[in-house]
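Good morning, and thank you for making time for this presentation. Please look at the sequence and the structure as they come up, and keep them in view while I speak.

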Amino acid sequence: MYFQFSLSLISAIFIGGIAGYLGSLMITKRMGLVGGPLGHLALPGVALALVYHFNVFLGALLTIIIGGIFIWLLEIRTKASMEALTGLVFATGVSLGFLILPFSDEHQLEEALIGDITQISFGETVLAITLSVLIFLIIKTIYSKLLLAEISEDLAKTEGIQVEKYNFIYLACIAITVALTVKLVGGLLPVALMVIPALTAKNFSRSSFQYSFGSLGFGAISAASGIFLAKFLSLPAGLSIILLNALIFGISILTKKQ
């Protein structure tokens, strides 16, 4: 039991940290709601994984990546906003997911909606750590380029930045991160895990460096605290993490005012 708890704790710290780090960029790029539709897009993959008994992460990742590529291609073709396109994909994903989920049992349905990090395996923990570190290194490398493209796409292009390519890399990192968070908080709540730590960090930060790494820190701390809270109070881990995130954000508002 101690070994299983350690796996859950370590996985939550890495997943929560990278989700918060990406969330700082999502808010800057005014994409705070994109993680929600992508999380819901995981539902068809999670449902298929539960019904046919294969890895939930792989199922979620498959449908999220397909949806992410579809959004990226539509953005290039139609020039429509990413928020509008993710709304389209969100509706499709939720519809497909709830068509398939009734074929799974009640416990599997709960896992799909709010996650179950307490049953994560050693292999899944290693995968979560590896992907979290890899995504961090990738985003850290292109962070300034993405910020410049947000300020002025024309200026970024004159600097030789391939905006479409970096947006694709960024969207792919979001997709993988959302797939990781499905195990932690399910398919309904990934946007909270990404956005709330970033909102908290924004109340304390005076530079982009403090903001991005503060988001990472608050994401990791709230995830770890949520695991402990769930363990000692016998609560669902995913819900505990989200509620602690919200509580820390509320405290940050009061602290900021003082």
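Let me begin with a question: is Ser-234 buried or exposed? Ser-234 has a relative accessible area of 65%, and because the cut-off for exposed is over 50%, Ser-234 counts as exposed. Please bear in mind that this is a predicted model. Ser-234 sits in the loop between α10 and α11, the latter covering 237-257. There is also a point of backbone geometry here. Most residues other than glycine have a negative phi. Ser-234 is not a glycine, yet its phi is positive, at about 55°.

Let me now turn to the fold as a whole. The protein chain contains 11 helices and 0 strands. Its pattern along the sequence is accordingly written α-α-α-α-α-α-α-α-α-α-α. The chain has 258 residues, of which 52% count as buried. Consider next the contacts in the chain with a separation of 6 or more: residues 24 or more positions apart account for 75% of them.

One helix pair deserves a description. Helix α1, residues 2-28, packs with helix α10, residues 208-233, at an angle of about 145°. The axes of α1 and α10 are 7 Å apart, and their crossing is right-handed. By class, the contact of α1 with α10 has 13 nonpolar, 10 polar and 1 charged residues.

I come now to the interior. Rolling a probe the size of a water molecule over the atoms shows where empty space is left. How many cavities of 30 Å³ or more does the count give? The count comes to 1 cavity, and the volume of the largest cavity is about 80 Å³. Its lining is formed by Ile-15, Phe-57, Ile-120, Glu-124, Leu-127, Ala-128, Leu-180 and Lys-183. The elements that give two or more residues to this lining are α6, residues 122-151, and α8, residues 163-185. Helix α6 supplies the largest share, with 3 residues. By class, the lining has 6 nonpolar, no polar and 2 charged residues.

Lys-183, one of the lining residues, leads us to Val-56. The C-alpha atoms of Val-56 and Lys-183 are separated by 7.5 Å, although the two residues are 127 apart along the chain. Val-56 belongs to helix α3, residues 56-78. Its relative accessibility is 10%, and therefore Val-56 counts as buried, the cut-off for buried being under 20%.

Further along helix α3 we find Trp-72. Which residues does Trp-72 contact, leaving aside its neighbours within four places in sequence? They are Glu-164, Phe-168 and Leu-171. In addition, Trp-72 and Asn-167 are 95 residues apart in sequence, while their C-alpha atoms are 8.2 Å apart in space.

Helix α8 also holds Ile-169. Ile-169 has a relative accessibility of 25%; because this value lies between the 20% and 50% cut-offs, Ile-169 counts as partly exposed. With its neighbours within four places in sequence left aside, Ile-169 is in contact with Ile-138 and Ile-142. Ile-138 is 31 residues away from Ile-169 along the chain, and the C-alpha atoms of the two are separated by 8.5 Å.

My last residue is Leu-193, which is placed in helix α9, residues 190-202. Is Leu-193 buried or exposed? Leu-193 counts as buried, since its relative accessibility is 0%. When neighbours within four places in sequence are set aside, its contacts are Ile-15, Ala-19, Gly-20, Thr-181, Leu-184, Val-185, Ile-241, Ile-242 and Asn-245. Among these, Thr-181 is 12 residues from Leu-193 in sequence and 7.7 Å from it in space, C-alpha to C-alpha. Ile-15, which Leu-193 contacts, also appears in the lining of the largest cavity.

To close, I would return to three points on the screen. The chain has 11 helices and 0 strands. The largest cavity draws the largest share of its lining from α6. Finally, Ser-234 is exposed and has a positive phi. Thank you for your attention.

Key. Residues numbered from 1 in each chain as written. Predicted model: local features only at pLDDT ≥ 70, side-chain atom pairs only at ≥ 80, totals over all residues. Heavy atoms only, no water. Axes fitted to C-alpha atoms, helices over the stretch in contact; angles between N-to-C directions. Helix = DSSP H or I, 4+ residues; strand = E, 2+ residues; numbered from the N terminus. Left-handed = near helix turned anticlockwise from the far one by under 90°. Nonpolar A, V, L, I, M, F, W, Y, C, P; charged D, E, K, R; others polar. 1 Å grid on protein atoms, 1.4 Å probe; cavity = no way out; pocket = protein on both sides within 12 Å on 5 of 7 lines; lining within 4 Å. Points joined across faces, edges and corners; volume = space filled by probe spheres on them. Buried < 20%, exposed > 50% of the residue type's maximum accessible area, 1.4 Å probe, protein only. Contact = heavy atoms within 4.5 Å.
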